[in-house]
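The following report concerns strand pairing in the structure shown here, and it is best read with the backbone in view.

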Amino acid sequence: MPKTILIVDDEPSVVKGLRFNLEQQEGYKIDVAYDGQQALDIFDSSKHDLVLLDLMLPVVDGMEVCRRLKGNTSTADIPIIMLTAKGDEVDKVLGLELGADDYITKPFSVRELIARVKALLRRAQAQNDEEGILRVGPLVIDTSNYEAFRNGEKLSLTLKEFELL
């Protein structure tokens, strides 16, 4: 099953280029949001494996989107790569401190971006395997903490119900 990436960028030409390279060339499934609120509305932790996030977005900026995703226990482990024209050191540090896993300034090399995407997805898969996280459709099951989430919401299960699940 191909990995799903959410591209959040308000520049159609950037989205088009990323979508072509990631979907057609690399085989990833791509979803797109053109503003921060749309990204938060369509984001699904059981569906999206990685987020490519622009900082300068309309409605809700990229920093706030990152903060919200990393602040939610069901989405905190999803890798985020910030793609932005903001190349100042202070912007990079702030983005990484908010929880971004990588930070790439525009213009960027598509080959380098793809290599970074692959590396983060490998790292995330290894971490999920180690931590006992199972993803099945809309369900996220944390076997080490006896917790289950459906569409990002925690399920109230007895121990027996969890074991049956």
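In this predicted model, Val136 stands opposite Leu139 in S7, a pairing that belongs to the antiparallel arrangement in which 4 bridges join strand S6 (residues 133-136) to S7. S6 and S7 form a hairpin with 2 residues between them, and Gly137 in its turn has a positive phi of about 55°. On the other side of the pairing pattern, Leu139 has Arg150 as its bridge partner in S8, and in the hairpin of S7 and S8, with 4 residues between the strands, Tyr146 takes a positive phi near 55°.

In a regular strand the side chains alternate between the two faces of the sheet. Strand S7 (residues 139-142) is covered on both faces, since Leu139 and Ile141 on one side are buried, as are Val140 and Asp142 on the other.

The bridged pairs of strands can be set out as follows.

| Strands | Bridges | Direction |
|---|---|---|
| S3 (residues 50-54) and S4 (residues 80-84) | 4 bridges | parallel |
| S6 (residues 133-136) and S7 | 4 bridges | antiparallel |
| S7 and S8 (residues 147-150) | 4 bridges | antiparallel |

A parallel, open sheet of 5 strands has the order S2-S1-S3-S4-S5. Strand S2 (29-33) and strand S5 (102-105) each have a single partner strand and stand at the edges, so one side of each is left without a neighbour in the sheet. Neighbouring strands of this sheet are turned against each other by 20° on average, direction ignored. Within it, Leu52 stands opposite Ile81 in S4, while helix H3 (residues 62-71) lies across S3 and S4 and runs at about 175° to S4.

Key: Residues numbered from 1 in each chain as written. Predicted model: local features only at pLDDT ≥ 70, side-chain atom pairs only at ≥ 80, totals over all residues. Heavy atoms only, no water. Pairing = 2+ DSSP bridges. Axes fitted to C-alpha atoms, helices over the stretch in contact; angles between N-to-C directions. Contact = heavy atoms within 4.5 Å. Buried < 20%, exposed > 50% of the residue type's maximum accessible area, 1.4 Å probe, protein only.
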